[in-house]
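The following note sets out points on the helix packing, the sheet and one pocket of the model shown here.

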Amino acid sequence: MVLLENDSFLTELTRLFQKCRSSGSVVITLKKYDGRTKPTPRKGNPETFEPADNKCLIRASEGKKKISTVVSTKEVIKFQMAYSNLLRAHMDGLKKKDKKSKSKKTKAT
């Protein structure tokens with residue numbers, strides 16, 4: 001997984017969306033990030049760790065290509081605006097859900 005800066009993450013995400021335009025999918029996950037690189041132990045003596053700043057880890061993957069970025073609280077508004085514009089531009093390939101009509105219900109006897 002490649003950890004990128006926010007602007008380069010958005011450009012790579014645009015490339016992933018364009019690559020998967022005709023077939024394939026892009027999976028995006030968001031997670032609270034406290035700055036740790038090692039997992040916490042489940043039992044025993046858990047270390048008390050207080051992050052100095054709340055951060056968000058954003059990951060995107062398509063097949064074997066994986067990218068990620070960390071967004072701090074200072075950059076959230078700027079990143080969110082650019083990210084939402086990017087999603088709006090590339091969400092046109094979604095299929096509409098088929099609606100079932102209520103008049104075709106069969107009566108149980």
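1. Helix α1 lies across β1, β2, β3 (55-62) and β4, and runs at about 145° to β4. Helix α2 packs on the sheet as well, touching β2, β3 and β4, and its direction makes about 145° with that of β4. Contact means heavy atoms within 4.5 Å; axes are lines fitted to C-alpha atoms, for helices over the stretch in contact, with angles from 0 to 180 degrees between N-to-C directions. Helices (H or I, at least four residues) and strands (E, at least two) are DSSP runs, numbered from the N terminus.

2. The model is predicted: local features need pLDDT of at least 70, side-chain atom pairs count only at pLDDT 80 or more, and totals for chains, interfaces and linings use all residues. Residues are numbered from 1 along each chain as its sequence is written, and side-chain values use heavy atoms, leaving out hydrogens and water.

3. The open sheet is formed by 4 strands in the order β1-β4-β3-β2, with mixed pairing; two strands pair if DSSP finds at least two bridges between them. Its edge strands, β1 and β2 (27-33), each pair on one side only. On average, neighbouring strands are turned by 25° against each other, direction ignored.

4. Strands β1 and β4 pair in the parallel sense over 3 bridges. Valine 2 stands opposite isoleucine 67 in β4.

5. The second largest pocket (an open set of points on a 1 Å grid over the protein atoms alone, where a 1.4 Å probe fits, with protein on both sides within 12 Å along at least five of seven lines; lining residues have an atom within 4 Å of a point) is lined by 13 residues, with Glu5, Asn6, Asp7, Val70 and Glu75 nearest its centre. The elements giving two or more residues to this lining are β1 (2-4), α1 (6-19), β4 (65-72) and α2 (76-90).
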